[in-house]
Amino acid sequence: MQQTLPAPRAMLGAGSTPAGRGRWALVRRLRQNRGAVVGFALLAVVIALALAAPLVTTHDPIKINPPARNLGPSPEHWMGTDQFGRDVFTRVVYGARISLPVGLIAVAIAAVVGTVLGLLAGYYGRLVDGAVMRVIDIMLAFPGILMALVVVAILGASLQNVMIAVGISEIPRYTRLVRGSVLSARENLYVDAARITGLRDAAILFRHILPNVVGPMVVLATLSVGSAILAAAGLSFLGLGAQPPRPEWGAMLADGRQFLGSHWWIATMPGFAIALTVLAINMAGDGLRDVLDPRLQSR
Amino acid sequence: MLAYARTRVLLTLPVLLGVSLLTFMILHLIPGDPARMLLGDMGGGSAAGDVSDEAYENLREELGLNDPLPVQYANYLTSALQGDFGRSFQTNRPVRESIAEVLPYTVQLTVVGLGLAVLIGGLLGVIAALHRNTWVDSATMAVSLVGLAMPSFWLGFILIQVFSLRLAWLPSTGSGDLTTLILPAATLGLVASGVVARLVRSTMLEVLRQEYVTTARAKGLGERIVIVRHALRNALIPVVTIVGLQFGALLAGAVIVETVFARRGLGRLAVESILRRDYPMVQATILVAAVGYVLVNLLVDLSYAWLDPRIKYS
């Protein structure tokens, strides 16, 4: 199916087969998704700012400069300065250098551990499945940030532990997704064929079953980078993650709370940065889901 | 229904046991010795190392730390079932008292927040579904997308800036009368309403496609009656599940919102206890929150089965 017409979104995946189209078909379909374009563009800006932080900022993110404290937004400091005279814009930009990797690493932890557990549970079934899924059920009894609180309580408060904590708390989503996909992929003839030819379990799992799961997993991973950034910033806001003077967005908000009435920009700007980054990631993820959704493709 | 209820309740028991085991393990997985930690705090300024070995051994015995782990867990479980969570490392008060003090505030906040989330999110979702693929739909979904990306602590700050500091209508902090509840509950509710709106929209669209809606229209019923009596009623059933899931999100959100508004509550107690290394308090607050969440979801599932007789446990 040549996509010369601006087909409605639901139709986009319908005619094309996943195989033989390659990556460019995907990019083309993404480009027709307005939300995805905006999301990826915003995200590109955030990533570019983070990478070029020393070039786009003119001040030091950590060094204190008392004479310049609590200045309102101006051409020199267009997001103002904080109670220690540091340029808020500089700190917000450097904050992206913390929050983006934190989100990515947390999701990487969740995706790797969750996927392995899901593969094992789905492929071996019975006892392994029972054991893994009971553990997942227990983890799910701690909603949202509560599971992360348990981990931080055990490991102690630090940015590194927040990454681990958020990562662990997101494991169940991946395990459930992968297990479900494996359960259906396992029934395919080619899996039987692979088994008959004497392939080892590991080879079957990674070469023949895992590829079935990649699409939905990419979508879940993209969307969960957003929630991981939110959770990690929340923990730092509570004082359980990054500690001052590190320019972490959540910690900056906590720092600025006492100046809400007099110097609103100190807490408002980093909050805006979090919301914008997470919004960009979610829009990109929604777009990816529309394009990659296996239910649309198989129809 | 009864068979379903029995299976569902039985399935909850191992989860509750697991939850208690995990919170029990907190005290044993932390680096360091709880008895030394406790002596360090209570020794009136003396460092942990100065405490006599005898006092240390007595305390270990008293806390039951010398028993084998399974015995300790059994003891922990039986006391917890009787509402005895030990004493705070910090104040030496029974943990149960502190929790009983703050729990009503968290319940109040979560329930009102949930009500607001369902009300706002439900309304937005229905409006979006009824105006599918128009600018109303896009605008509503854009609002919910922004809601999903908003950190609750930032929204809380914005509400404080506008309603307490500029307009001076509402207090920004505290946990006294009803006026102190409005802003925290609004923060919690608004953040959750984004998710609710999206879920209600897709449920409503699903229901509007059903044959009974077409039938109702075909027999000449007014659009309002079709929507309210046929579509909305059936769309509400899945919303019950949403309420269960959102309750967890709100409970977790309360941790942050309580800190933003310096409000008493379970979440703030948990965070402060973690920062003070008051482990019995950490264990109990987290246990109470998780058990509360599991039980609410049990109730939600049961009421769901009751509302929709088609549901069977497979």
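**Entry 1: Chain B, overall**

I began with the two domains of chain B: the centres of domain 1 and domain 2, taken over C-alpha atoms, are separated by 41 Å. I noted that this is a predicted model. The domain assignment puts domain 1 of chain B at 35–84 and domain 2 of chain B at 103–307.

Next I looked up the extent of the chain. The C-alpha trace of chain B spans about 85 × 55 × 30 Å along its principal axes.

Then I asked how many helices and strands chain B has. I found 12 helices and zero strands. Read from the N terminus on, the elements of chain B run α-α-α-α-α-α-α-α-α-α-α-α.

**Entry 2: What the UniProt record says about chain B**

I opened the UniProt annotation, which is an unreviewed entry. It gives "domain: ABC transmembrane type-1" for residues 103–300 of chain B. I checked that span in the model. It is 84% helix and 0% strand. The end C-alpha atoms of residues 103–300 of chain B lie 21 Å apart.

The unreviewed UniProt entry also lists the feature "transmembrane region" in chain B. Its positions are 9–30, 105–130, 142–169, 181–200, 235–261 and 281–307. I picked two of these stretches to inspect.

- Residues 9–30 of chain B are 95% helix and 0% strand, with end C-alpha atoms 33 Å apart.
- Residues 235–261 of chain B are 96% helix and 0% strand, and here the end C-alpha atoms are 35 Å apart.

**Entry 3: Where chain A touches chain B**

I turned to the contact of the two chains. Chain B gives 37 residues to it, and chain A gives 36 residues. Which helices of chain B each supply at least two residues of the side that touches chain A? I listed α1 (2–29), α6, α7 (152–166), α10 (223–260), α11 (266–276) and α12 (279–307). I then sorted the residues on this side of chain B by class. There are 33 nonpolar, four polar and no charged residues.

**Entry 4: α13 of chain A against α6 of chain B**

I reminded myself how helix pairs are reported. Two packed helices are described by the angle between their axes and the distance between the axes.

I took helix α13 of chain A, residues 265–292, and helix α6 of chain B, residues 135–149. Their axes come within 8 Å and cross at roughly 120°. That angle makes α13(A) oblique to α6(B), because roughly perpendicular stops at 115 degrees and roughly antiparallel needs over 145. The crossing of α13(A) past α6(B) is right-handed.

I wrote down the residues that meet. From α13(A) they are A:Ala275, A:Val278, A:Leu279, A:Asn282 and A:Met283. From α6(B) they are B:Leu145, B:Val146, B:Leu148 and B:Ala149. By class, this contact of α13(A) with α6(B) has eight nonpolar, one polar and no charged residues.

**Entry 5: α7 of chain A against α1 of chain B**

My next pair was helix α7 of chain A, residues 145–155, with α1(B). The two pack at an angle of about 20°, and their axes are 8 Å apart. So α7(A) is roughly parallel to α1(B), because angles under 35 degrees count that way. I found a right-handed crossing here.

A:Val150, A:Ala153 and A:Ile154 make the contact from α7(A). B:Leu22, B:Ile26 and B:Leu29 make it from α1(B). I counted six nonpolar, no polar and no charged residues in this contact of α7(A) with α1(B).

**Entry 6: A helix pair inside chain A**

I then looked at helix α10 (residues 189–196) and helix α11 (residues 201–237), both of chain A. Their axes come within 10 Å and cross at roughly 155°. Are they parallel or antiparallel? α10(A) and α11(A) are therefore roughly antiparallel to each other. α10(A) passes α11(A) in a right-handed crossing.

In α10(A), the contact residues are A:Tyr190, A:Val191, A:Ala194 and A:Arg195. In α11(A), they are A:Ile204, A:His208 and A:Ile209. I sorted them into five nonpolar, one polar and one charged.

**Entry 7: Two backbone spots**

I ended with the backbone. Most residues other than glycine have a negative phi, and most peptide bonds are trans.

- The peptide bond from A:Pro244 to A:Pro245 is cis, with omega near 5°. I located A:Pro245 in the loop between α11 and α12 (249–256) of chain A.
- B:Asn133 is not a glycine, yet has a positive phi of about 60°. I located B:Asn133 in the loop between α5 (95–130) and α6 of chain B.

Conventions: Residues are numbered from 1 along each chain as its sequence is written. Chains are lettered from A and ligands numbered from 1 in the order in which they are written. This is a predicted model: local features need pLDDT of at least 70, side-chain atom pairs count only at pLDDT 80 or more; totals for chains, interfaces and linings use all residues. Axes are lines fitted to C-alpha atoms, for helices over the stretch in contact, and angles run from 0 to 180 degrees between N-to-C directions. Helices (H or I, at least four residues) and strands (E, at least two) are DSSP runs, numbered from the N terminus. Angles under 35 degrees count as roughly parallel, over 145 as roughly antiparallel, 65 to 115 as roughly perpendicular and the rest as oblique. A crossing is left-handed if the near helix is turned anticlockwise from the far one by less than a right angle, and right-handed if clockwise. Two residues are in contact if their C-beta atoms, placed from the backbone, lie within 7 Å. Ala, Val, Leu, Ile, Met, Phe, Trp, Tyr, Cys and Pro count as nonpolar, Asp, Glu, Lys and Arg as charged, and the others, Gly among them, as polar. UniProt positions are given in the numbering used here, feature names are shortened, and annotations may be inferred rather than shown by experiment. Domain bounds come from an automatic or database domain assignment.
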